[in-house]
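Here's a quick walk through a couple of spots worth pulling up on your screen. Have the viewer ready and follow along.

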Amino acid sequence: MNYKTLFLFSLLFIFSQLSVTKANELNDTTNLPVIEYSNAAPKYEIADIKVIGADNYEDFVLIGFSGLAIGDVINVPGDAITNAVKRFWKQGLFSDVKILATKIQDGKIWLQIVLKERPRISEINYNGLKKSEIEDLDLRMGLVKGNQITPNISDRAKKVIEKYMEEKGFLNVAANVYQKNDPNKPGHVIVDIDVDKKLKTKVHAIIVTGNKALSFNKINKAMKKTNDNNWRNFFRTKKFVKEEYEKDKVALIDKYNEIGYRDAYIVADSVVTFDDKSVNVYITVDEGKKYYFRDIKWIGNTIYPYEYLNAVLNIKKGDIYNHKNLMDRLQTDDDAVSKLYQNRGYLFFQIDPVEVQIDNDSIDLEMRMFEGKPATINEIGIKGNTRVYEHVVRRELRTKPGQLYSQEDIMRSLRELAQMGHFDQEKLIPDIQPDPENGTVDITYQLETKGSDQIEFSAGWGATGVVGSIGLKFSNFAIQNLFKPETYRIVPQGEGQTFTLNGRTNGGSYNSFSISFLEPWLGGKRPNSLSASVYYSAQSAISSRYQQNLSNLYNSGYYNPYSYGGYSGYGSNYGGYNDYNSIPEYDPERYMRTIGASIGYGKRLNWPDDYFTFYGELSYQLFMLNKWYPGYFPMTKGTFNNLSLNLTLSRNSIDNPIYTRSGSSFSLGLKITPPYSSFNNVDYTSDLTDEERYKFIEYHKWTLSGKTFTPLTPDNKLVLMSRVMFSYLGHYNKNAKSPFETFNMGGDGMTSYTSYGTDYIAMRGYESGALTPFNSSTGTYMGYLYDKFTMELRYPLSLEQSATIYALTFVEAGNCFSSIKNYNPFDLKRTAGVGVRIFLPMFGMMGIDWGYGFDKVNGKVSGSQFHFVLGQEL
């Protein structure tokens, strides 16, 4: 044996002796002083306190927790020692607790607190659970590696598991928590959690007796979570959950109360096992008598006469007694009686409906009111805003210090904050702190900032190949801070202005660029907007030589439009182009170019209400064509001017621009040009060239659109969106009908190019442009009028700040016409389908729709179509 081995054995021997010595110290009581329990308990002063056996805790913490302190005079035996022991046991962290007197001398006592810690968790093993279930339970049970485990914690874990599995329908679940010593870690245990789910428990049948006023179907509808295996419950859960069953019993009685049976109650109920996987539910009800409203008196009202309050309450003598409807009309509804008072400042208003007399089946009520004094707003606080300057937030608020309190103003302020787009609407919470003594109220708006700037990367496929697009939208721009570098986050920020840059290209034949700016509060004091934009677009056409080669190949039958290879080998037959390739060849002398600019001014109106806005925009566009494709426009070359004034009256009351739950949006627009043909001394009936006829474009364009959003569920998640769109492009002179500003209808409304000469109207279920009428006289596809009707049912899948996702299903109908004479409001192309939308703060709205067009276009049913969404609204 060498010296290293000898040294190792020596260390092991020393440590083993130390462990034995320490164990002996904990258990050796042979030399401790004797405490007499038969005589009167003597008093001692505590001289010293030591703690043994709790290495994971500081001694001074445990001594302080015991309630004992050096210098205290205590009876031994006595309550002080007993209470100290109880404190340690109650904590549950120790499996053994002793307090020993190691020495007694001259009226003093030396104490030793001997503790044995409960084991700590080194590992947790689950048996009988899925990964997702384990992840959910980890957050609920409180079992954490490294923490101590106590009987209470073990029992609680078992109950949490059983309750969790019962919520999933496993009513007969058996859960056990086992501990075993960890051989690799002294003082630690391995926890094994065994779960036997058994079979999921479902409702086999619900048997109700005593019901006459409510049919079984109505009872089944009222009990939303406890449903039997009936065809009517095909889309509803069949599992039996005790907690949900208790709620459904309350819901059943509430349903009886809604139809006048205020005395209805459940006499008895029981849940009986039907087989190993289902139960029968037995319910016996006593419906009682049906009641009606009789006389309603108002007491304490000084602001409004009782006639007006009766009209607001909208409950008449002889109406069925419905307590839920009564409380809704008094407290909950948007036009409830309490809201009437609160909107006039009476924050401390209270009302208590008291049943003063019940005569047979009739009930008399007294509405006992305390109007109080109007509350004045003292302070307005804003918390959580880290994005925009505070004055940008405050200018959107309808609540101001010194004003009377108004619940309506608070709700309108929340809407305006949501419309800004800088804050998470789901977490907009007003903190209202009334002070009845002073008659004031403090309001704090709790905000959570979210990113609203967007960057767009997209690509599309068109006649000239792949077109790439990049866009930058800064929604918190501050032009005032251009020369303040400390405000820059890429661009100067803070004032809530919008600055947008967008560029598109396919690398050769197509390029476009646009820049726009919006100031929503011009001057900073009134919500009057100023907008400006400039844009440029240039697109080259395929060369005539390339078109001729394609024509030759098509006519010969050798061209395969799905092949991307060359056509070598056919040179002798096709003009010598034996190295022909499918890559298009563009002619820079054949082009369409557009230059445009616009400036607009918007004003919020106060009449009919302040949801109305009026917007005016002056715009100019210059179209330059040279040898352009025949069929796009009646002309192929020339320079054309479009100077127009756009006037729009709109009303927008939607609550959220991303996932709208309620409100509406309507607009009526008129876009007009000067009637040049009336004063330019040009004879449009003569044989003019296209460049002369359309040098100055003239038209009047009318647009009407409306959208409504109706929540269909109490939580306002399931929403029905209804929309109507109509637009007409008219003319002053039938010989000078505008070839620009026309409509192209069908598909997703996107085009690979930014075409400023045509409005692209989406119509799902049909190919792009499929509904655009053909004009045989000009050889072009142009629409001068269209209508469109849409209904969408939307449901959110995620309303998180990081991503808003919702699914939708739609029905749609519309069509496009060549003139108002050909317009037939009943000639509609129909479609239906489903889709999904996702809004990412950095990228905006994206999505995909599948639609099925039911009607024939060009002799065949349109059928199934997929459409992609990149920012636009379908």
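## Arginine 794

Let's start with arginine 794, which sits in strand E34, the stretch covering residues 785–799. Keep in mind that this is a predicted model.

Is arginine 794 buried or exposed? Its relative accessibility comes out at 8%, and since the cut-off for buried is under 20%, arginine 794 counts as buried. Leaving aside residues up to four places away in sequence, its contacts include Tyr659, Phe709 and Lys717. Leu718, Val719 and Met721 are touched too, and so are Tyr806, Ala807 and Leu808.

## A four-stranded sheet

Now jump to another part of the chain. Four strands make up an open sheet with mixed pairing, and their order is E2-E1-E4-E3. Why do E2 and E3 have a side without a neighbour in the sheet? Strand E2 (73–75) and strand E3 (94–105) are at the edges with a single partner strand each, so one side of each stays free of a sheet neighbour. Going from one strand to the next, the twist averages 45 degrees.

Strand E1 (residues 43–52) pairs with strand E4 (residues 108–117) in the parallel sense, over seven bridges. Want a spot to click on? Aspartate 48 has tryptophan 110, in E4, as its bridge partner.

## Helices on the sheet

Helix H2 (residues 59–66) packs on this sheet and touches E1, E3 and E4. Its direction is at about 140 degrees to that of E1.

Helix H3 (residues 79–91) lies across E2, E3 and E4, and it runs at about 155 degrees to E3.

Note on methods. Residues numbered from 1 in each chain as written. Predicted model: local features only at pLDDT ≥ 70, side-chain atom pairs only at ≥ 80, totals over all residues. Heavy atoms only, no water. Pairing = 2+ DSSP bridges. Helix = DSSP H or I, 4+ residues; strand = E, 2+ residues; numbered from the N terminus. Axes fitted to C-alpha atoms, helices over the stretch in contact; angles between N-to-C directions. Contact = heavy atoms within 4.5 Å. Buried < 20%, exposed > 50% of the residue type's maximum accessible area, 1.4 Å probe, protein only.
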